[in-house]
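Trainee: I've got a few "how do you know that" questions about this one. Can we go through them together?
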Amino acid sequence: MFITYKIHRFRKGGINMTKFVYLFTEGDGTNKRLLGGKGAGLCDMTQIGLPVPPGFVITTEACLEYSKNGNKLPEGLLDEVKENIKVCEELTGKRFGDVENPLLVSVRSGAAVSMPGMMDTILNLGLNDATVQGLADATGDERFAYDAYRRFIALFCNIALGLDEKEFYDILDDYKKKKGVQYDHELDVESLKSLVKDYKEICRRETKADFPSDVFKQLELAIKAVFESWNGRRAIDYRREFNITEDIANGTAVNICTMVFGNMGNTSATGVLFTRDPSTGENVLYGEYLLNAQGEDVVAGVRTPKPIIELKKEMPAMYDELLKVRKILEERYSEVQDFEFTIEKGKLYILQTRNGKLGPNAWVRTSVDMVKEGLLTKEEAVHRVKPDVIEQLMHRRIDPNDTSTPVAKGIAASPGAATGRAIFDADEADKRGKLAQKVILVRTETKPEDIHGFFAAQGILTSRGGKTSHAAVVARAMGKPCVCGAEEILIDEEAGFARIGDVTIRQDDIITIDGSGGNVFLGEVDMIEPDISDELFTLLNWADEIRKLGVRTNIDTPEDAALAVKFGCEGVGLCRTERMFNLPERLPVIQQMIMAETEDERKSAINKLLPMQREDFIAIFRVMRDLPVTIRLLDPPLHEFLPRTEDIERELQMLLELKAVLNKLEAAPNLTKVLDYRLFEYLPQIQEIICDVIKLEDKELLDMLISSKEHALEKIAAFSEVNPMLGHRGVRIGITYPEIYEMQIRAILEAAVEVAKEGLEVSPEIMVPQVCTAQELKWVHDIVERVASEIEGARGVRVAYKFGTMIEVVRACMRAGRLAEVASFFSFGTNDLTQATFSFSREDAESKFLPLYNERGILQDNPFEILDVRGVGRLMLVTIEWARKTRPDIKIGVCGEQAGEPRSIKFCNSAGIDYVSCSPYRVPIARLAAAHAEIEGDKFDLLYR
Ligand code: PEP
Ligand code: MG
């Protein structure tokens, strides 16, 4: 991509010159691209009257010129710098390089976006053997002056001259040892002077030149070092990792700012503050300070800083000024600010401000408060909170009041927190899971064959791998917390323990992982269950005022429906009925229905099921009241409800063995003898059978059981399919076993009549899965109409219902126009549609090759999590277009997993979808994401991304 720059020019002596340097009083505070984030902030703060020390910014354009010219400073730059230094001298009354009252400056990098760690700061620039004495005289503190000098030489040698910082630290440590002191500030002035000599000696040895004493030379070298850091390895890697492209940030600015000192006695201090509490969002000044210290002491943790409220007692006037600054900053930026201050001999200076990084509760609370305070519009407040913030709030998470300290840190790969026994082996995890124990699967890295361990675990912890590692991808897909790449943990899977320094975690030790923050804790940690706070409730209501896209929910039970209503859903977009079939008391009836030999046998089973299903729907309709409820008729292949062949085979084997034993025993079967044959070690079901057989002394019962197992095996074999997911399922079952669909349709409509009698305006929507052709849909539609008429005849009431289809098969997309003749709504089943479009299944992809595909960039995302707009999305667009040609008012929803994911929601909004339907916990995320999609407008490039 070509980026064009507006080169800033001015005229000097009749010649057009590029302007590379801006005083804080003249730079455009909104132009972060030119001045970098830090520089723009300093200019802006200066211009709104905040007490920023005098200084200036060298633009990012100068940096680009520098690189373009083969690392040569642009012509005229140093002259401009000198002119601006002169202004700083006038403003401070000090002089750069002056022996009596020297001006010192800090030199800092600053790109358009913050890139922490890219380049350190050089402080105290302008010191040399002469000016250090001037500083000592001017401050009356020789120790202070030499301390500043030795810090400057070490920093300068490291950053500007590229020397390894280790030797400087080592010598400092030697001095401390020699003097028998623990902290740097305990070193006396003689030691500092001697340290300065040693440092300069290292410089001479390593660079074959004296440490530069010319202050302008120092400045020139520092500026060059900052420019070069832009193309340093660290910065390039950082930009690649965080996708910082040239149009986001190009080049770094250099900020040159007059030094102020917080370490000039007890009327001086320094600190880092937030305009509000960054974790709770409470509207109070928040942060810490140190009396008589330099900024780096706060960060370095040499002394423990005090909470800012103590400044109210120590320096009340300064505290009041900080409160004023806080108000001015928030009014200016309409955003919580994270700012640095220094008090030099009772005078306050602000050295930096930037938008604060907040915790999830704080994002929500401050957004709502700032609307009430008139700092933000509702739309700005909604847009300010990113959907992933809500995602964090909708998982179990660590209570922010818990004071536990993590023992290790890794990558926050899948949100939520979990506690359990550390288990180092997937088989073991599986076993423990079956014993209802809570486990955390701890592995160096995971492999596809560990998948059963994932199912059993509450969370996953690995010491290797990033956000696209196998562990991360699979855990996210399962919605389980995951911390990966916690490299400081050394895991010995064979031996069953892990080490973090001198801490050992053995199998069964309780640990807690926080997949939202990437932390690992020993033992249990207090957790918070997801809920909607008053502030979140308010924010989501504002989101509802903005969004056009509907948000429904996918549920199977009335309890889930109630939760989704609490979270603000506008109806059920998908009620799967198969999970109702799987309830333990129902399964035998379902199996009877499936394996029935005769029509009568099947009808008898169905008659038992009808009232159960009716009750299911009544309960859900009652919860949803007058909101629409889309119920999907039975979808999975029937064999899923039958016992597993291996289990029946094993039972049969047991029975046959029992028979052989009994035949051998001449006397009547007797418990002790049977025990001798250890038959009780077999399956629990068989134990009961053995008991019955023994009790009744009934060998015929045994024969009957054997033949029923043999019969079951035959039946199950008849239901087995080569490729069940592409086989006899969905509407195909409805057509081959119409009694099943008829029972479900009747249950839905009778439930609706029942609940309508209670005064509720129920809106059932009957949805058919896996439809390929309009003929299938018509077939089912005929049944619906007949059953509706029968109910009307019998009960004298007709409830309104809708009839529609899932779109989860490619042919359904292609025949959308015809399907829309029968269906009054479509719901894209993007799980199956993705599977059908890619022609690979989610399970296989996620456990076998998708992590590798993601890692190698073959696929950017997991299409089962984030809608593949280029492939599946295109199919959807065609479908929508053709469907609306036939039936302009057709309602179109999406109910696959992707429907709760913000980027996919953005696509749905642009594509003209009416609603998305997602799990209850994702409903709040979807409400916010839909509002964001609306605010950001139709920017989604639907086809050409
Ligand atoms: C789908 O295919 O997207 C869908 C919602 O159905 P299921 O996940 O039940 O197959
Ligand atoms: Mg499906």
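Trainee: What makes the pair formed by an oxygen atom of ligand 1 and the side chain of Arg 576 a polar contact?

Mentor: Keep in mind that this is a predicted model. An oxygen atom of ligand 1 sits 2.8 Å from a side-chain N or O atom of Arg 576. A polar contact needs a pair of N or O atoms within 3.5 Å, so this pair qualifies.

Trainee: And how far is the side chain of Arg 632 from an oxygen atom of ligand 1?

Mentor: There an N or O atom of the Arg 632 side chain is 2.9 Å from a ligand 1 oxygen, so the 3.5 Å cut-off is met there too. With Asp 832, it's a backbone N or O atom that lies 2.9 Å from an oxygen atom of ligand 1.

Trainee: How much of ligand 1 does the protein bury?

Mentor: Taken alone, ligand 1 exposes 290 Å², and the protein buries 88% of that.

Trainee: Which elements give two or more residues to the shell around ligand 1?

Mentor: Those are β29 (572-576) and α33 (830-838). The largest share, three residues, comes from α33. The residues around the ligand include Leu 574, Arg 576, Thr 830, Asn 831 and Asp 832.

Trainee: What is the make-up of that shell by class?

Mentor: It has three nonpolar, four polar and four charged residues. Gly 829 and Gly 896 are in the shell, and Gly counts as polar here.

Trainee: Moving on to the strands, why is β31 called largely enclosed?

Mentor: Five of the six residues of β31 (residues 763-768) are buried, so the rest of the structure largely encloses the strand. Buried here means under 20% relative accessible area. For the whole chain, buried residues make up 53% of the 945 residues.

Trainee: How do you know that β30 and β31 pair?

Mentor: Pairing takes at least two bridges, and five join β30 (residues 628-632) to β31, so they count as paired. They run parallel, and one of the bridges links Val 629 to Pro 764 in β31.

Trainee: What about β31 and β32?

Mentor: β31 and β32 (residues 802-807) have four bridges, again parallel, so the two-bridge minimum is met. Glu 765 has Lys 802 in β32 as its bridge partner.

Trainee: And what is the handedness of the crossover from β31 to β32?

Mentor: Right-handed: the chain goes from β31 through helix α30 (residues 774-795) to β32. With the strands pointing away from you, a right-handed path over the helix runs clockwise.

Note on methods:
Residues numbered from 1 in each chain as written. Chains lettered and ligands numbered in written order. Predicted model: local features only at pLDDT ≥ 70, side-chain atom pairs only at ≥ 80, totals over all residues. Heavy atoms only, no water. Near = heavy atom within 4 Å. Polar contact = N/O pair within 3.5 Å; in protein donor to acceptor, adjacent residues only side chain to side chain. Areas by Shrake-Rupley, 256 points an atom, 1.4 Å probe, with all protein chains shown as cover. Buried < 20%, exposed > 50% of the residue type's maximum accessible area, 1.4 Å probe, protein only.
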